[in-house]
Amino acid sequence: MELEHERKLKLENINKGLMNYLLTGKGNITHDKLSSPATDPKKTVITFVFLTFALSSIFWYLLSQTPLFADNATRILLYTVGAMWCPALAAVITRLYYQRNLKGFGVGMGKPIWLLVGILLPIAAGLIMFGLAWISGVAPFNPERAMNILTIGSIPSLLLAIGFNCFFAAGEEFGWRGFLVPELARFQTFTSLALLSSAIWTIWHFPMIIFGPYHGAGSLAFSLAVFIPSVMGAGLILAWLRIISGSVWVAVLFHGFWNYFIQQFYPALTQTTDAGEMMLGEFGWFVALMYVLLAFIFWYYRNKLPQLPAEGV
């Protein structure tokens with residue numbers, strides 16, 4: 001009886017330690033077979049990328065089969081959000097399979113200054129781009145819309161819209177910057193990991209651009225021509241912010257605020273013109289120029305980052 005009681009207590013302790021390890025990455029589970037040396041980061045990266053593209057292909061197919069009609073707006077939105085959360089799901093599966101816990105995403109808030117950068121940089125960059133379009137007359141400012149939008153009563157809807165955009169962005173960022181960037185940092189320099197992670201992120205968008213509704217007002221060739229440098233630049237910036245801050249939330253805020261202000265807020269204050277459509281927005285040439293310029297600035301200050309390769313970035 002005493003031996004049976006001791007075995008039950010031992011089993012309970014192992015189970016408690018296992019749950020603590022899975023949730024926090026802390027503790028000891030040496031009595032269990034899950035204890036293993038650090039996994040080769042190249043294996044985790046390949047697994048993550050494969051899972052991300054495999055899971056996303058479901059939603060890419062659904063988007064390609066859904067006509068761009070107003071009645072399908074809700075379905076298109078759901079399929080798009082589903083695709084955006086595939087990187088996060090792939091990252092969770094990969095971490096649990098190889099690491100047996102969810103440690104390493106960078107869920108800590110980090111220093112407030114970097115959270116502020118994640119919020120203010122997209123707002124400032126957007127204001128510069130759209131402000132120049134307003135002043136030059138390429139896409140004039142729309143005072144009537146501004147009177148309706150820039151009111152005290154519109155603040156709740158503005159905050160709600162920002163919240164939704166950050167939620168959508170989190171699905172991507174927990175995968176690309178929460179998992180892929182720190183895993184690449186284990187065996188690559190900053191320049192290499194920034195270019196590789198950005199390239200993978202760029203290619204991941206191609207099916208939605210080529211076969212889905214995610215493209216600009218111009219030709220498909222123009223959309224790709226401006227989108228590729230835009231996302232490559234954005235990827236480098238986001239990788240830099242993720243590493244310097246140690247927090248995935250900085251990337252989530254940057255991505256969410258950028259999507260809202262560049263795709264929704266500033267366009268709502270702007271009169272629609274053909275030249276403005278080609279210049280501004282997600283598929284505008286000025287956005288590509290701005291992202292490349294900012295990327296060079298961040299890359300120039302790469303020496304401010306921790307020495308790479310390194311564990312636990």
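This note sets out points on the overall fold, one loop residue and one surface patch of a predicted model.

1. Overall architecture. The protein contains twelve helices and zero strands. Its order along the sequence accordingly reads α-α-α-α-α-α-α-α-α-α-α-α.

2. Contacts, burial and surface. Of the contacts between residues at least 6 apart in sequence, 81% join residues at least 24 apart. The protein has 313 residues, and buried residues account for 46% of them. Its accessible surface amounts to about 16,200 Å², with 69% of that area belonging to carbon and sulfur atoms.

3. Gly216. This residue is placed in the loop that runs between α8 (190–210) and α9 (220–245). Is Gly216 buried or exposed? Gly216 counts as buried because its relative accessibility is 18%, and the cut-off for burial is under 20%.

4. Surroundings of Gly216. Once neighbours within four places in sequence are set aside, Gly216 is in contact with Ser223 and Phe283. A separate distance concerns Phe227, eleven residues from Gly216 along the chain: the C-alpha atoms of these two residues are 9.3 Å apart.

5. Nonpolar patch. Leu293, Ile297, Tyr300 and Tyr301 make a nonpolar patch of about 440 Å² on the surface. One of these residues, Ile297, belongs to helix α12, which spans residues 285–300. Ile297 has a relative accessible area of 41%; the residue is therefore classed as partly exposed, since that class lies between the 20% limit for buried and the 50% limit for exposed.

Definitions and conventions. Residues are numbered from 1 along each chain as its sequence is written. This is a predicted model: local features need pLDDT of at least 70, side-chain atom pairs count only at pLDDT 80 or more; totals for chains, interfaces and linings use all residues. Side-chain values use heavy atoms; hydrogens and water are left out. Helices (H or I, at least four residues) and strands (E, at least two) are DSSP runs, numbered from the N terminus. Buried means under 20% relative accessible area, exposed over 50%, partly exposed in between (1.4 Å probe, protein chains only). Contact means heavy atoms within 4.5 Å. Patches are made of residues with over 30% relative accessible area and no salt bridge: like charges are joined within 9 Å, nonpolar side chains (Val, Leu, Ile, Met, Phe, Trp, Tyr) within 5 Å. Accessible areas come from the Shrake-Rupley method with a 1.4 Å probe; for residues, only the protein chains shown count as cover. A salt bridge is a side-chain nitrogen of Lys or Arg within 4 Å of a carboxyl oxygen of Asp or Glu.
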